[in-house]
Amino acid sequence: MSEASMLIANDDPVLGTDFAIEMLRQMRALDSYGSYDTWTPAKILEPFILTKAMKREIPIIGDPDEIIVARLKVFYNAITALIEKECGLMAVPMMNLSHEGFGRALITVGKLVVVDRTLRDVHRFGFESLSKMKDEGDKLLSVALALIGKHSDVAGL
């Protein structure tokens, strides 16, 4: 059993939150062969957890592989879906990433940029715990919704 699977309990209350449910939905959308059908939610979200000890084992310089990039897209797609659910406007995620793992993640609503994140060291993308991942997602979501509320005329374009 890996260190991460011990950190996510199958009865973790975070797994019942809107954010975790959307993350699971996004992960299952990538599973074209149905491999996740028998997996628990904790096992599906396990790859997003990287403790400090696990990060120390990953080289500081490295190129992200397709799986890590897909995981990054799942995270921002989940936030995008929650923005749409909350405000009723279409949100669009965009990502520009170099082969070395540097770039930007944007989410727009209408003509308004509601999330603008600089990405670095994507090959080390992960969160220390499930609750930290949810906190980061909630933080991005609340900032995005505040911007939409403040600039609704631009978001509606």
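**Exercise 1.** Find the bridge partner of N96 in β2.

*Solution.* Start with the strands, which are DSSP runs of E with at least two residues, numbered from the N terminus. β1 covers residues 91-97 and β2 covers residues 103-109. They pair (DSSP finds at least two bridges between paired strands) in the antiparallel sense, over 7 bridges. Now look across from N96: its partner in β2 is R104. Finally, check the link: β1 and β2 make a hairpin with 5 residues between them, and G101 in the turn has a positive phi of about 90 degrees.

A quick note on what you're looking at: this is a predicted model, where local features need pLDDT of at least 70, side-chain atom pairs count only at pLDDT 80 or more, and totals for chains, interfaces and linings use all residues. Residues are numbered from 1 along each chain as its sequence is written, and side-chain values use heavy atoms, leaving out hydrogens and water.

**Exercise 2.** Work out which residue in β3 stands opposite V109.

*Solution.* β3 spans residues 112-119 and pairs with β2 in the antiparallel sense, again over 7 bridges. Opposite V109 you'll find L112. This hairpin has 2 residues between its strands, and G110 in the turn has a positive phi of about 65 degrees.

**Exercise 3.** Decide whether F75 is buried or exposed.

*Solution.* Grab the cut-offs: buried means under 20% relative accessible area, exposed over 50%, and partly exposed in between (1.4 Å probe, protein chains only). F75 has a relative accessible area of 1%, so F75 is buried. Try F127 too: at 11% relative accessibility, F127 also counts as buried.

Terms used: Helices (H or I, at least four residues) and strands (E, at least two) are DSSP runs, numbered from the N terminus.
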